[in-house]
Amino acid sequence: MDRYSPYDKTVFLIFCTAYILQKAMVNVRRANFKSFWDKYSDKPDTNSMMLNHSAEELESSDRADILASLPLLHNKDVVDIGAGIGRFTTVLAETARWVLSTDFIDSFIKKNQERNAHLGNINYQVGDAVGLKMESNSVDLVFTNWLMMYLSDEETVEFIFNCMRWLRSHGIVHLRESCSEPSTGRSKAKSMHDTANANPTHYRFSSLYINLLRAIRYRDVDNKLWRFNVQWSCSVPTYIKRSNNWRQVHWLAEKVPAEDGAKGTSFNELVELIKNTWQNEQEAWDAKLDDEKYVWTDKVFSSALTSLPSNSTFFLYTPRTVSPYCHINAHTLAETFNANVWNTEIIPEYYRTSLTKSNNLKDQRVRFGWNQSLTDSVTYWQQKDALFDVFVATEFLSTVDDETIRQLPNVMSDGAKFITLEPVDEVNEAEMKQRIQELGYTLKSFTDVTDQCIEAQEQYFKDHEQLRDEKVIRKNWVLLELTH
């Protein structure tokens, strides 16, 4: 007697058909990408790797930017995925213990082997990144440079799970992608993309990669749960200098034990997030912030900023926890003081809109980075031995822990000025002064700017049609100038 009803058989057939169709679609997509790159397989050179007729003009500085961001690789094992002709493989192998260099175009790997024949610590493999097989906990660095934009959303999630599995504890993954547009930006003259055929590349929002890296929770065979600590996200400097393109973005993330009480994330859950949820959320913020005419804090900061030095370096911190619209106009500061400005954002979606504004205004003095906290940003700049002349912030004292506030002067020059706009429950200068002294600072000025902030917000929302329904933050506001 048949154990299964006609209904069960129908459901099973539908499931099988859907699975076969999905696999077929994946195979077609991978074939399209293979065909896309096969067009360049007979000329395995730098221009082909970067799909840029002018690649030789920026290749060495671009490579230096990326390599300078990596941790020390002495006695480390590395996999270079999508390695192409090996323009990164060479330097990775010169310092690492062992490197596996992979690509899915045979002629690229052959060129890679030729240029690195003098190095004996490299293994080569021809194959698709999605199908790459490696032992768990076998490498200390997973290195990619322009890879996930050639993967579907499903393949991207699968690849990030694989990175987590391949990495040893505290191993690092480096990712670099063209976000929102090609590396050549809007220049058709430089691009090697074939205009006669569709470009299958997926230029995702930068925020999607940050969100994916932060969301994944991976359970290994020993039932241990792991996550990524995303150390930073920033634009590749060479592409700003040479191409006015802030949307060449890279990330560094470390495999660490997951937080207590965390639960594993499923493949389907992450695919839905990257394909729909995060995409829709970013588009909603783009609609609100991409056409921002000015920043409402401009008028509030103007009086405190008049005495700042020209030709200096500014460090901006804008957590935007009290309001998405409470931030600082980095471009105005750069223009007013002829200053080089670094702005730390901590919300991935606002970071993406800041990159869009930079791409439109093209002021190379302005750079934006994403960090999970000001603590991470200070660590980033300490590692680079950087010093800034002016620190300007919103919500500095109300969102940052005391230890980080005390550490901030480590990335500030002697005599640096600290200016912050703070929302407070009560305007109490004596209480604020005492706290600031306990943190090792001196309060130089204290100004109640509550009325000015409320009026500025009201006018800002009137001037931005898309924000007419937003609410003014009717808190008390104080503007502080500090020294250390």
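Helices (H or I, at least four residues) and strands (E, at least two) are DSSP runs, numbered from the N terminus. With that convention, select Met432, which is found in helix H16 (residues 429–438).

The model on display is predicted, so local features need pLDDT of at least 70 and side-chain atom pairs count only at pLDDT 80 or more, while totals for chains, interfaces and linings use all residues. Residues are numbered from 1 along each chain as its sequence is written, and side-chain values use heavy atoms, with hydrogens and water left out.

**Stop 1: Met432 and Val478**

Keep Met432 selected. Met432 is buried, with a relative accessible area of 13%; buried means under 20% relative accessible area, exposed over 50%, and partly exposed in between (1.4 Å probe, protein chains only). Now display its contacts, a contact being heavy atoms within 4.5 Å. Not counting residues up to four places away in sequence, Met432 touches Leu397, Val424, Phe446, Val478 and Leu480. Leu480 stands 48 residues from Met432 along the chain, and the C-alpha atoms of the two are separated by 9.5 Å.

From Met432, move to Val478, a residue of strand S15 (residues 476–483). Val478 is buried, with a relative accessible area of 0%. Its contacts, leaving aside neighbours within four places in sequence, include Thr420, Leu421, Glu422, Val424, Val427, Met432 and Phe446. Select Thr450 as well: Val478 and Thr450 are 28 residues apart along the chain, and 6.8 Å separates their C-alpha atoms.

**Stop 2: Thr318**

Next select Thr318, in strand S9 (residues 313–318). Thr318 is buried, and its relative accessible area is 0%. Which residue joins its side chain to that of Thr318 by a polar contact of 3.2 Å? The partner is Glu345. A polar contact is a pair of N or O atoms within 3.5 Å; within protein, one must be able to donate a hydrogen and the other to accept it, and residues adjacent in sequence count only if both atoms are side-chain atoms. Beyond neighbours within four places in sequence, Thr318 is in contact with His327, Ile328, Asn343, Thr344, Glu345, Ile346 and Thr394.

**Stop 3: two exposed loop residues**

Select Asn311, in the loop between helix H10 (297–302) and S9. Asn311 counts as exposed, at 60% relative accessibility. Its phi is near 55°, a positive value in a residue other than glycine.

Then go to Asp385, placed in the loop between helix H13 (374–383) and strand S12 (388–394). Asp385 is exposed, with a relative accessible area of 69%. Phi of Asp385 is near 55°, again a positive value in a residue other than glycine.

**Stop 4: helix H9 and its partners**

Two packed helices are described by the angle between their axes and the distance between the axes. Axes here are lines fitted to C-alpha atoms, for helices over the stretch in contact, and angles run from 0 to 180 degrees between N-to-C directions.

Show helix H9 (residues 267–289) together with helix H12 (residues 348–361); their axes come within 10 Å and cross at roughly 50°. H9 and H12 are therefore oblique to each other; angles under 35 degrees count as roughly parallel, over 145 as roughly antiparallel, 65 to 115 as roughly perpendicular and the rest as oblique. The contact is made by Glu281, Gln282, Trp285, Asp286 and Leu289 of H9 and by Pro348, Glu349, Tyr350, Arg352 and Thr353 of H12.

Keep H9 on display and add helix H7 (residues 206–215), which packs against H9 at an angle of about 135°, with the axes 10 Å apart. That makes H7 oblique to H9. On the H7 side the contact involves Ser207, Leu208, Asn211, Leu212 and Ala215, and on the H9 side Leu270, Ile274, Trp278, Gln279 and Gln282.

Finally, add helix H6 (residues 153–166): the axes of H6 and H9 come within 9 Å and cross at roughly 125°. H6 and H9 are therefore oblique to each other. Here Asp153, Glu154, Thr156, Val157, Glu158 and Phe161 in H6 meet Phe267, Leu270, Val271, Ile274 and Lys275 in H9.

**Last view: the whole chain**

Select the entire chain. Its secondary structure comes to 17 helices and 15 strands. Buried residues make up 54% of the 484 residues. Of the contacts in the chain with a separation of 6 or more, 78% are between residues 24 or more positions apart.
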